[in-house]
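Biologist: Please take a close look at one pocket for me. Then work outward to whatever else deserves attention.

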Amino acid sequence: MLIQANRREFLGALGAFSLFPLMTETPELVLFNANIYTVNDQAPQAQAIAVSGGKILAIGSNADVMNLASAGSQKIDLGMKTVLPGFIDAHSHPAMAGVMHLRMVDCDLRSIAAIEQALRERAAKTPAGEWVLGFKYDDTKTSDGRPLTIGDLDAALPDHPVQIEHRGGHTIYCNSLAFQKAGITDKTPEPPGGKIDHDPATGRLSGRAAESARALFDKVIPNRLTRDDHREGVKLISKMLAKTGITSAHEAQGTPTDLLAYQDAHQAGELLYRAYCFINYRFFDSMIAAGVRTGLGDDWVRVGAMKLVCDGSISERTARLSQPYEGKPGDYGILVMTEEELYSYGRKAHMAGWQIGTHANGDVGIDTTLRVYERLQKESPRRDPRFRLEHCTVINDDLVRRIKALGAIPTPFSTYVYYHGEKMRYYGADRLNHMFALRSFLDAGIRATQASDYPPGEFLPMMALQSEVTRTDIKGNVWGAKQKVTVEEAIRVGTLHGAYASYEENLKGSLEVGKVADLVVLGRDPMKEAASTLVTIPVERTMAGGRWTYES
Ligand SMILES: [Zn+2]
């Protein structure tokens with residue numbers, strides 16, 4: 001094949017220079033007999049890959065690549081299984097999710113009884129009086145048709161304070177003991193920017209609290225996480241991501257603790273995906289003072305963009321919209337930072353050579369963020385700033401035009417339509433045709449990425465493909481059919497575009513000579529699969545840097 005021929009000419013031309021190290025390079029590993037989609041337009045398909053030093057030494061036909069193998073090369077016959085580049089999750093919170101999985105009860109269960117059972121099991125192993133913590137609870141996904149109450153939690157755990165975090169991350173559900181520890185009674189006034197819900201009939205605490213009210217609990221829940229726990233968290237989530245075919249993730253709310261955890265896990269040989277670690281604006285000054293900027297690090301742990309937050313959330317319905325939420329006249333969502341605040345933090349980052357990633361969900365949030373980016377670029381033009389719009393959910397034609405003009409990168413939720421279908425009705429059929437708008441972005445030539453936002457969203461790349469290709473939820477409802485893309489497009493979005501979003505398109509995102517050997521072996525071919533069963537395609541193996549990070 002073309003790439004192999006070029007490679008031979010290349011090696012041939014180097015023949016005269018006997019000291020050139022490539023001359024003696026033979027692959028440690030050859031994968032052959034595979035159905036490889038490379039995401040490289042010059043040579044979109046191949047049968048075999050040779051790997052050396054964690055990178056792709058050759059890719060092409062079985063015959064050509066096998067020719068390079070020596071007696072010492074390991075050779076693996078993939079039996080015509082499909083190979084894709086490893087998937088890149090361009091907005092996720094894996095380091096945080098890892099420690100949550102270590103420490104908390106996973107409440108992603110389908111009934112209140114099942115959640116109570118899981119909590120009781122944890123309580124049985126926890127001394128009385130100590131906190132039991134849960135996460136990933138979703139009131140719209142239990143069969144009970146009502147949210148958890150303080151009564152449910154008191155009955156399940158009479159002797160332990162308990163706090164369950166909602167999947168979206170903005171609300172919590174607690175028992176009486178927890179409220180007592182936090183010093184909250186039926187009469188406690190709501191803190192500014194927070195909510196403490198009461199039963200409208202009795203005026204008693206209902207169990208739910210939101211936003212800044214969480215700080216009252218944070219003060220009394222001991223944080224016993226050690227440096228080692230954070231490393232363990234990365235180790236645990238590494239295995240979870242690798243199992244689904246993810247080889248890179250952009251840590252979207254990075255803290256110095258996350259950055260340290262990644263370095264520790266990498267040093268211990270436990271990091272199984274490449275992390276592009278954002279730094280939240282709150283931690284920014286010391287980074288700038290140290291001369292740190294986007295790109296510092298290596299192929300495994302790299303400093304990413306500075307993170308800013310413009311507006312609210314899609315799953316919890318606080319994104320700032322130009323038109324109100326369905327059935328809620330007057331509710332337009334919220335802006336979290338003012339345009340001037342965004343500009344002043346953004347300017348610091350822009351001037352110091354940082355990429356900027358701003359959380360902007362609603363069309364008003366996106367408009368505000370784009371205005372800030374346009375102003376920065378006008379006042380202090382930078383070559384290739386790759387401004388990012390984290391989520392960039394609700395768009396219109398004018399926003400798309402401005403995103404294209406700026407060369408900005410949207411990172412829309414990839415699995416929401418499929419997984420969070422029950423929340424889509426709050427946005428209405430018409431608006432859904434302008435949400436998670438991959439079709440619009442691709443048609444405009446914008447390099448949008450795949451992004452899970454885990455824990456709020458599911459991170460399975462095969463689910464992302466199905467969600468983006470079918471725009472259909474688990475129950476078969478279609479949401480925003482105009483934004484459907486092809487399987488081939490969805491794969492490119494989940495691989496090469498993710499690499500571009502972190503300035504690493506020359507390192508990864510496609511299977512080409514010289515790029516890292518990051519790939520996934522699938523049990524079936526997504527190009528030949530019915531769109532409605534893409535999510536069931538098994539991931540058989542995942543490789544990052546030439547090493548198997550998962551084998552089924
Ligand atoms: Zn996020």
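Biologist: By class, how many nonpolar, polar and charged residues does the lining of the second largest pocket have?

Modeller: One caution: this is a predicted model. The lining of the second largest pocket has 11 nonpolar, 15 polar and 14 charged residues. The pocket holds about 870 Å³ of space. Its lining counts 40 residues, and T171, Y173, D197, S206 and R208 lie closest to the centre. Four elements give two or more residues each: strand 12 (171-174), helix 6 (176-181), strand 13 (194-198) and strand 14 (205-211). Strand 14 gives the most, with five residues.

Next, the metal site. Three residues coordinate the zinc ion: H91 through NE2, H93 through NE2 and D453 through OD. The distances run from 2.0 to 2.1 Å. Along the sequence, the donor spacing reads H-x1-H-x359-D. H91 sits in strand 8 (residues 87-92), while D453 sits in the loop between helix 16 (438-443) and helix 17 (461-470), so the pair ties together parts that are 362 residues apart in sequence. H91 and D453 are both buried.

The remaining donor, H93, belongs to the loop between strand 8 and helix 3 (94-103). Why is H93 classed as buried? The relative accessible area of H93 is 10%, and the cut-off for buried is under 20%, so H93 counts as buried. Setting aside residues up to four places away in sequence, H93 touches E251, A252, Q253, D453, Y454 and P455. D453 is thus listed twice: as a contact of H93 and as a donor to the zinc ion.

Then the packing. The largest nonpolar core has 77 residues. Y262, Y273, W354 and F441 make the most contacts inside this core. Helix 12 (residues 363-379) gives the most to the core, with five residues. Take Y273 from that list. Neighbours within four places in sequence aside, Y273 is in contact with P94, A95, V234, I237, S238, L241, I246, T247, S248, A249, Y262 and W300. Y262 therefore appears both as a contact of Y273 and among the core residues with the most contacts.

Last, the enclosed spaces. The structure holds five cavities of 30 Å³ or more. The largest cavity has about 60 Å³ of space. It is lined by 13 residues, with D89, Q450, F459, P461 and A464 closest to its centre. Strand 8 and helix 17 are the elements that give two or more residues to this lining. Strand 8 supplies the largest share, three residues. Strand 8 is also the strand where H91 lies. By class, the lining of the largest cavity divides into eight nonpolar, four polar and one charged.

The second largest cavity has a volume of about 50 Å³. Its lining is made of P412, F413, S414, V417, F436, L438, S467, E468 and R471. These divide into five nonpolar, two polar and two charged. Set that beside the pocket you asked about, where the lining has 11 nonpolar, 15 polar and 14 charged residues.

How values were computed: Residues numbered from 1 in each chain as written. Predicted model: local features only at pLDDT ≥ 70, side-chain atom pairs only at ≥ 80, totals over all residues. Heavy atoms only, no water. Donors = N, O, S within 2.8 Å, 3.2 Å for Na, K, Ca; no water. Buried < 20%, exposed > 50% of the residue type's maximum accessible area, 1.4 Å probe, protein only. Core = buried A, V, L, I, M, F, W, Y, C linked by side-chain atoms within 4.5 Å. Contact = heavy atoms within 4.5 Å. 1 Å grid on protein atoms, 1.4 Å probe; cavity = no way out; pocket = protein on both sides within 12 Å on 5 of 7 lines; lining within 4 Å. Points joined across faces, edges and corners; volume = space filled by probe spheres on them. Nonpolar A, V, L, I, M, F, W, Y, C, P; charged D, E, K, R; others polar.
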